[in-house]
Amino acid sequence: MIGRPRSLRSSGGTTRVRHTVLGTLAGVAALLATGVTAAPASAAPEPGAMAPSAQERALDFWTPQRMRAATPLDVLSVDRSDVRASAPRKGKATVVAPSAPVSDVGPMAIPHGGGPWSGGGAVAKTAGRVFFTYQGRTASCSGNAVTSANKSTVLTAGHCVKMQGAWHTNWVFVPGYHDGQRPYGTWAASKTLSTPQWTASEDINYDIGAAVVAPLDGKQLTDVVGGQGLGFNTGYNKPMYSFGFPAAAPYDGEKFIYCSGTTFRDFLLSSDHGLTCNMTGGSSGGPWFTQFDEATGTGLQSSVNSFKYNFLPNAMYGPYFGADAQNLYQSAQSS
């Protein structure tokens, strides 16, 4: 079944987006029954918070069969009729150093419009697939583990944690996913967050999300896979690498894909970075790096896969990591 695109707009001058969820969806009633249960009104959790029981259910829910059948959540699609969004707030350039272990990587082609990442290195451990339940459907995105005070922070796209007014449930992160394998385990979110602008009105300029994952087997996430660095307010027109797990044709979600090249600033409807890239649905939320070192597979995460214009299918766009992205990161790492 192919979902019908729905145009979403706000009355406040911010851009809302069109998005379609593709694939065959079965057992909707059963999926809804596995969602996070509501807490009593006297103990209502903050948005995106997940009780330990819900985390356990998420881990039990995501069988290999459900992961293979998960629908790739589309990279958001924007058309010419969408209004211009508010520009992201800038701030002082700030860098957080990677904490991922250094390992050798073979040379890769740059620029590249989309192909398998065969170099290995730290990025092959820190990046992974994200799985969740969205409106009763099983769905997938991409994400990346970053250096953080809590050693448990994953960055992704805003629409990979919340979309059309609802927070996703059964949210898990699988770092290093490939060919159905989970070499570093499945990590359930204890909390998901997004920027205030995405949470309130799904402003495309702020399509950034984060998750705090619970310990697994007594260990914290970045103690197991390492964490990439971050760069905030680092400017436009930079050499960048984009990674993700596209699962819509011609991809199948089983391979780790990358694009690379010099970015350009979107001159149409947003203030995003743009990059020539043919990744498809399922790659949403995958990391973009500045100062990416092919020799180690480490860099500074400075954006995420967010949207494509439906009339420019070979260009991917990612939000500028400004002051609000930095505030989101601080909120996540202090959770």
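Biologist: Why is Cys141 called buried or exposed in this predicted model?

Modeller: Cys141 has a relative accessibility of 0%, and because buried means under 20% relative accessible area, Cys141 counts as buried.

Biologist: What makes Cys141 and Cys160 a disulfide?

Modeller: The S to S distance of Cys141 and Cys160 is 2.1 Å, and since the cut-off asks for sulfur atoms within 2.5 Å, the pair is joined by a disulfide. Cys141 sits in strand E6 (residues 137–145), whereas Cys160 sits in the loop between strand E7 (153–156) and strand E8 (162–163), 19 residues apart, so that the pair links distant parts of the chain. Cys160, at 0% relative accessibility, is likewise counted as buried.

Biologist: Why is the disulfide of Cys141 and Cys160 given a handedness, and which one?

Modeller: The torsion about its S-S bond is about -80 degrees, and therefore the disulfide of Cys141 and Cys160 is left-handed.

Biologist: How do you know that Cys259 and Cys277 are joined?

Modeller: Their S to S distance is 2.1 Å, which satisfies the limit of within 2.5 Å, and the link, with 65 degrees about the S-S bond, is right-handed. Cys259 lies in strand E15 (residues 257–262) and Cys277 in the loop between strand E17 (273–276) and strand E18 (287–293), so the pair ties together parts that are 18 residues apart in sequence.

Biologist: What makes Cys277 buried?

Modeller: Its relative accessible area is 1%, and because the limit is under 20%, Cys277 is buried; Cys259, with 0%, is buried too.

Methods:
Residues numbered from 1 in each chain as written. Predicted model: local features only at pLDDT ≥ 70, side-chain atom pairs only at ≥ 80, totals over all residues. Heavy atoms only, no water. Helix = DSSP H or I, 4+ residues; strand = E, 2+ residues; numbered from the N terminus. Buried < 20%, exposed > 50% of the residue type's maximum accessible area, 1.4 Å probe, protein only.
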